[in-house]
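Reader: I would love a close look at one part of this model, namely the sheet that holds the second strand. Could you walk me through that sheet and then show how its surroundings fit in?

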Amino acid sequence: MVAKIKSEAPLEGFLKEINGKYKLRVTELTLAPGGHVGEHNHEGPGIRQVTSGYMTYVLPDKTVVYAPGDFFFESGDINHTVFNKTDPPMVHVLFEILPVSLNGPSLIPVRHH
């Protein structure tokens with residue numbers, strides 16, 4: 001998996017109660033053919049868009065396959081796993097609301113005991 005942060009900025013504007021506390025981050029993720037991201041969740045919610053390839057998105061209660069152009073919402077607090085079960089690379093873009101103090105990845109690996 002290759003993750004590239006494309007843009008990041010603290011939130012400002014009319015929602016004064018969140019100004020300076022959160023930021024919007026846009027990250028492009030590329031997953032090689034046959035690759036996967038193990039079970040994880042995220043530091044914050046956001047909208048995702050698959051831009052190339054197909055994403056097999058496994059949640060606790062269902063599996064969904066997203067195609068190029070598909071958007072979906074992640075709350076951040078639900079464990080999930082992502083697979084690229086196709087031949088070309090799968091690329092998707094994450095638009096996330098994160099704590100302004102977060103440096104580094106928003107991904108939180110799930111540790112099973």
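Author: Happy to; what follows starts with the sheet and then moves outward to the pocket, the other sheet and the core.

A few ground rules come first. This is a predicted model, in which local features need pLDDT of at least 70 and side-chain atom pairs count only at pLDDT 80 or more, while totals for chains, interfaces and linings use all residues. Residues are numbered from 1 along each chain as its sequence is written, and side-chain values use heavy atoms, with hydrogens and water left out.

The sheet you ask about is open and has five strands in the order β1-β2-β9-β4-β7, with antiparallel pairing. Strands here are DSSP runs of E with at least two residues, numbered from the N terminus, and two strands pair if DSSP finds at least two bridges between them. At the edges are β1 (2-10) and β7 (71-74), each pairing on one side only. Neighbouring strands of this sheet are turned by 20° against each other on average, direction ignored; the axes behind that angle are lines fitted to C-alpha atoms, and angles run from 0 to 180 degrees between N-to-C directions.

Now to β2 and its two partners. On one side, eight bridges join β1 to β2 in an antiparallel arrangement, and Glu 8 stands opposite Arg 25 in β2. With β9 (residues 90-99), strand β2 (residues 22-31) forms an antiparallel pair over 10 bridges. Leu 24 faces Ile 97 in β9, and Leu 29 has His 92 of β9 as its bridge partner.

Val 26 is a good residue to stop at, and it lies in strand β2. Its relative accessible area is 16%, so Val 26 counts as buried (under 20% is buried, over 50% exposed and in between partly exposed, with a 1.4 Å probe and protein chains only). Not counting residues up to four places away in sequence, Val 26 touches Lys 4, Ile 5, Lys 6, Ser 7, Val 93, Leu 94 and Phe 95, where contact means heavy atoms within 4.5 Å. Ile 5 is 21 residues from Val 26 in sequence, yet their C-alpha atoms are 6.0 Å apart in space.

The largest pocket also involves this sheet. Its volume is about 280 Å³, and of its 21 lining residues Met 1, Ala 3, Leu 29, Leu 94 and Leu 107 lie nearest its centre. Two or more lining residues come from each of β1, β2, β3 (36-42), β8 (80-83) and β9. A pocket is an open set of points on a 1 Å grid over the protein atoms alone, where a 1.4 Å probe fits and protein lies on both sides within 12 Å along at least five of seven lines; lining residues have an atom within 4 Å of a point. The volume is the space filled by probe spheres set on the points, which are joined across faces, edges and corners.

Strands β3 and β8 belong to another open sheet of five strands, ordered β6-β5-β8-β3-β10 with antiparallel pairing. Its edge strands are β6 (63-66) and β10 (107-109), and its twist averages 35° from one strand to the next.

Finally, the largest nonpolar core has 10 residues, including Leu 31, Val 37, Val 82 and Met 90. Such a core is a set of buried Ala, Val, Leu, Ile, Met, Phe, Trp, Tyr and Cys residues joined through side-chain atoms within 4.5 Å. Leaving aside neighbours within four places in sequence, Val 37 is in contact with Met 1, Leu 31, Thr 81, Val 82 and Leu 107.

How values were computed:
Helices (H or I, at least four residues) and strands (E, at least two) are DSSP runs, numbered from the N terminus.
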